Amino acid sequence: MRYQIEDNSKDIKQLYWLYYRIVFGSIKDATGFITSRDGDKVIGAWPFREYKPGKFIFKSLIVHPDYRNQGIGKAIIQHSVELLKETGARFIKVRNRTVPRRIFDDLEFQQVDVEKSSGGKFRVFELELF
Ligand SMILES: CC(C)(COP(=O)(O)OP(=O)(O)OC[C@H]1O[C@@H](n2cnc3c(N)ncnc32)[C@H](O)[C@@H]1OP(=O)(O)O)[C@@H](O)C(=O)NCCC(=O)NCCS
């Protein structure tokens, strides 16, 4: 598997379409994606938006249904921190509903909020990068 930063593309949008049957705002507004590829095939994506210089927000992690429960979601989260650090990022915020809190705790994210919406309960995490 390869983990990298990419711009939006047709195959990333298709991954969301496959699962949600909709390509929603956080995908359209993304300024980039951390992706996982198996050969040429995109099997996981995590969109981010640089909302201020050096400050990023992540939402809507997805792993292809055929590749779930193999640690790919977790690896995308781990790689995102290293890959963004290399670009000079200073701050990461995450809004997450599904991935267990301890995965973010292990990476030293701080939980700062819990938001309830029609989509469920989302935990909000923050990480300062030094
Ligand atoms: C949520 C999702 C991204 C997880 O990806 P994944 O590659 O299957 O996750 P991993 O195999 O890396 O699992 C990471 C950990 O999360 C746990 N986990 C994964 N999916 C889970 C779920 N739906 N509910 C609770 N725990 C879950 C795993 O047990 C694992 O724990 P471990 O470290 O103790 O083994 C994937 O299931 C997915 O795409 N779901 C649909 C979209 C979605 O709900 N996205 C979240 C939007 S906020």
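Gln-78 sits in helix α3, which covers residues 72–86. This is a predicted model, and in it Gln-78 comes out as partly exposed, because 16 C-beta neighbours fall inside 10 Å, between the 12 or fewer of an exposed residue and the 20 or more of a buried one. Helix α3 is a good place to start, since it turns up again both around the ligand and in the largest nonpolar core.

**Overall fold**

- Four helices and eight strands make up the protein chain.
- From one end of the sequence to the other, the order reads β-α-α-β-β-β-β-α-β-α-β-β.
- The radius of gyration is 14 Å, close to the 14 Å that the globule rule gives for 130 residues, so the protein chain is as compact as a globular protein of that length.
- Measured out along the principal axes, the C-alpha atoms fill a box of roughly 35 × 35 × 30 Å.
- Of the 130 residues in the protein chain, 25% are buried.
- Take the contacts with a separation of 6 or more: 52% of them link residues 24 or more positions apart.

**Around the ligand**

- The shell around the ligand holds 18 residues, and Val-63, Arg-68, Gly-73, Lys-74 and Thr-98 are the ones that come nearest.
- By character, the shell splits into eight nonpolar, seven polar and three charged residues.
- Helix α3 gives the largest share of that shell, with three residues.
- Strand β5 (62–63) also chips in, as β5 and α3 each supply at least two shell residues.

**The largest nonpolar core**

- As a general point, nonpolar side chains in soluble globular proteins tend to be buried together.
- Here the largest nonpolar core has 24 residues, and those touching the most other members are Phe-33, Ala-45, Trp-46, Phe-48, Phe-56 and Phe-58.
- At least two core residues come from each of α1 (10–20), β2 (32–38), β3 (41–52), β4 (55–58), β5, α3 and β6 (91–96).
- Strand β3 leads the way, with five residues as the largest share of this core.
- Phe-56 is worth a click: setting aside residues up to four places away in sequence, Phe-56 touches Phe-48, Arg-49, Glu-50, Leu-84, Ala-89, Phe-91, Ile-92 and Lys-93.

**The β7–β8 hairpin**

- Strands β7 and β8 form a hairpin, with two residues between them.
- The two strands run antiparallel, and seven bridges join β7 to β8 (residues 120–128).
- One pairing to look for is Val-114, whose bridge partner in β8 is Arg-123.
- None of the eight residues of β7 is buried, so β7 lies largely in the open.

**Glu-115 on β7**

- Glu-115 belongs to strand β7, which spans residues 110–117.
- Glu-115 counts as exposed because its C-beta neighbours inside 10 Å number 12, and 12 or fewer is the cut-off for that class.
- Beyond its neighbours within four places in sequence, Glu-115 is in contact with Phe-122 and Val-124.

**Two distances to check**

- Gln-78 and Phe-122 are 44 residues apart in sequence, with a C-alpha to C-alpha distance of 19 Å.
- Glu-115 and Pro-53 are 62 residues apart along the chain, and their C-alpha atoms are separated by 25 Å.

Terms used
Residues are numbered from 1 along each chain as its sequence is written. This is a predicted model: local features need pLDDT of at least 70, side-chain atom pairs count only at pLDDT 80 or more; totals for chains, interfaces and linings use all residues. A residue is near a molecule or strand if its C-beta atom, placed from the backbone, lies within 6 Å of it. Ala, Val, Leu, Ile, Met, Phe, Trp, Tyr, Cys and Pro count as nonpolar, Asp, Glu, Lys and Arg as charged, and the others, Gly among them, as polar. Two residues are in contact if their C-beta atoms, placed from the backbone, lie within 7 Å. A nonpolar core is a set of buried Ala, Val, Leu, Ile, Met, Phe, Trp, Tyr and Cys residues joined through C-beta atoms within 7 Å. The radius of gyration is taken over C-alpha atoms; the globule rule is 2.2 Å times the number of residues to the power 0.38. Two strands pair if DSSP finds at least two bridges between them.
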